[in-house]
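This report sets out selected features of the structure displayed below. Salt bridges come before the ligand site, and individual loop residues follow.

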Amino acid sequence: MFGLKADWSLDIHERYFTIGDYAGGEARWCPGCGDHGILVALQRICRDEQLPPEKSVMVSGIGCSSRFPHYMGTYGFHGLHGRALPVACGIKSRRPELDVWVATGDGDCFSIGTAHWIHAIRYNMDITVLVFDNGVYGLTKKQTSPTSPLGLKTNTHPGGAVLAAHNPLTVTLGITNVSFVAQTIDWNPVHLHATLKAAHAHKGLSFVRILQRCPVYAPTVLQEPQNDPSQLLLLTHDKGIGVEKNLLRSFPNQRQHDPSELATAWQIAVETLPIPIGLLYHNPDVPRYEELSSQGKDMPIEEKLDALERIFDRLAV
Ligand SMILES: Cc1ncc(C[n+]2csc(CCOP(=O)(O)OP(=O)(O)O)c2C)c(N)n1
Ligand code: SF4
């Protein structure tokens, strides 16, 4: 494949990847599930950035959202409930040249996976983390999740959820070494695409919370912001998510927010209505663990064994 560049020279690609190259098995999510739109957005980004499928890895835990790796034509690891992040960090630490993505749900990340979430943010490895937040446990058919709204009737709380919802944005912004925090919605493909693109461009751990509709078990959770855009607050800034001018007209509420300001990001995140969408925080200068820990990575096995022997000799009694 080839294309004409701005200087009229030919840009020749040895290989050109189409959307089809990123397609895996047929998605088995319910009709109307927000996960379908996220899959399309990610496949488009892979195509736009021409990411070689064999150098991309999708890692997930367990849940409807965690079926994601099956539907991508890349490498994938469908892991254990809550354990996507340590697996992704392990892959990145030994194979830093790979593009590592994580698909996780609100139950997977904010409940059983909480400890991993906190440490992964602090390690700040170059991974793009997409949290599909539908406010419920979908795969196991409607239990209360940490982000279920107060009063939501579920199988575990038939009388309504008794606690206020957990706020993943404020928690993430409070973790040492946080470097990229954004929020978007599955039902606006333009904003979703722009957000995932910015997240992927960031060198460090990009945390993206995607408000994702589950029409089967949580049809009411995101119904109001979906029908009434005044319930959303679009964050705009030159350093933020780059969106086309046309998109601005869809959002009656907008606020200029410089994403380098952590304290302001936190103030915005704490207000849950209108729901902020856009880039809350970005710091490209946070150290990345894979850089700090890569010493000796390419050492030949013989040298590693010699080094081990020397250590054992020192310990011998
Ligand atoms: C150790 C363990 N505990 C519990 C489960 C049962 N389980 C599977 S998926 C899931 C919740 C999924 O919810 P979420 O992460 O929000 O994803 P969704 O299905 O909504 O996309 C639970 C509790 C499990 N598979 N493993
Ligand atoms: S149960 Fe909900 S989250 Fe799971 S596939 Fe169906 S609509 Fe999507």
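## Salt bridges

In this predicted model, Arg-95 and Glu-97 are joined through their side chains by a salt bridge, with an N to O distance of 2.5 Å. Arg-95 is partly exposed, having a relative accessibility of 42%, and Glu-97 is likewise classed as partly exposed, at 45%. Across the whole structure, a search finds nine salt bridges.

Another of these pairs is formed by the side chains of Lys-203 and Asp-126, at 3.0 Å from N to O. Lys-203 belongs to the loop between helix H6 (189-201) and strand E10 (206-211), while Asp-126 belongs to the loop between H4 and E6, so the pair ties together parts that lie 77 residues apart in sequence. The two partners differ in burial: Lys-203 is partly exposed at 49% relative accessibility, whereas Asp-126 is buried, with a relative accessible area of 12%.

## A salt-bridge network

Arg-288 is paired with Glu-291 in a salt bridge whose closest N and O atoms are 3.2 Å apart. Arg-288 is buried, since its relative accessible area is 16% and the cut-off for burial is under 20%. Through shared partners, salt bridges connect Arg-288, Glu-290 and Glu-291 in one network.

## The surroundings of ligand 1

Ligand 1 is surrounded by 16 residues, of which Cys-64, Ser-65, Gly-107, Asp-108 and Gly-138 come nearest. By class, this shell comprises six nonpolar, eight polar and two charged residues. Helix H3 (106-112) and strand E7 (136-137) each contribute at least two residues to the shell. The greatest contribution is that of H3, with four residues.

Which parts of Ser-65, Asp-106 and Gly-138 approach oxygen atoms of ligand 1? In Ser-65, an N or O atom of the side chain is 2.8 Å from an oxygen atom of the ligand. Asp-106 also approaches through its side chain, a polar atom of which lies 3.2 Å from a ligand oxygen. In Gly-138, a polar backbone atom is 2.9 Å from an oxygen atom of ligand 1. Of the 590 Å² of accessible area that ligand 1 has on its own, the protein covers 73%.

## His-257 and its contacts

His-257 is located in the loop that runs between strand E12 (254-256) and helix H9 (262-270). Is this residue, His-257, buried or exposed? With a relative accessible area of 2%, His-257 is buried, because the limit for that class is under 20%.

The side chain of His-257 reaches the backbone oxygen of Leu-280 at a distance of 2.6 Å. When neighbours within four places in sequence are left aside, the residues in contact with His-257 are Leu-235, Thr-236, His-237, Thr-264, Ala-265, Ile-268, Leu-279 and Leu-280.

## Backbone geometry in loops

The peptide bond between Leu-273 and Pro-274 is cis, with omega about -5°. Pro-274 is situated in the loop between H9 and strand E13 (275-282).

Gln-50, although not a glycine, has a positive phi of about 50°. Its position is in the loop between helix H1 (35-49) and strand E3 (56-60), and Gln-50 counts as buried at 17% relative accessibility. Asn-124 is a further residue other than glycine with a positive phi, near 50°. Asn-124 is found in the loop between helix H4 (114-123) and strand E6 (127-133), where it is buried with a relative accessible area of 0%.

## Asn-167 and a contact distant in sequence

Asn-167 occupies a place in the loop between strand E8 (143-144) and helix H5 (168-173). At 16% relative accessibility, Asn-167 is counted as buried.

How far apart are Asn-167 and Ala-269 in sequence and in space? They are separated by 102 residues in sequence, and their C-alpha atoms are 8.1 Å apart. Apart from neighbours within four places in sequence, Asn-167 is in contact with Ala-269, Val-270 and Thr-272.

How values were computed: Residues numbered from 1 in each chain as written. Chains lettered and ligands numbered in written order. Predicted model: local features only at pLDDT ≥ 70, side-chain atom pairs only at ≥ 80, totals over all residues. Heavy atoms only, no water. Near = heavy atom within 4 Å. Polar contact = N/O pair within 3.5 Å; in protein donor to acceptor, adjacent residues only side chain to side chain. Areas by Shrake-Rupley, 256 points an atom, 1.4 Å probe, with all protein chains shown as cover. Nonpolar A, V, L, I, M, F, W, Y, C, P; charged D, E, K, R; others polar. Buried < 20%, exposed > 50% of the residue type's maximum accessible area, 1.4 Å probe, protein only. Contact = heavy atoms within 4.5 Å. Salt bridge = Lys/Arg side-chain N within 4 Å of Asp/Glu carboxyl O.
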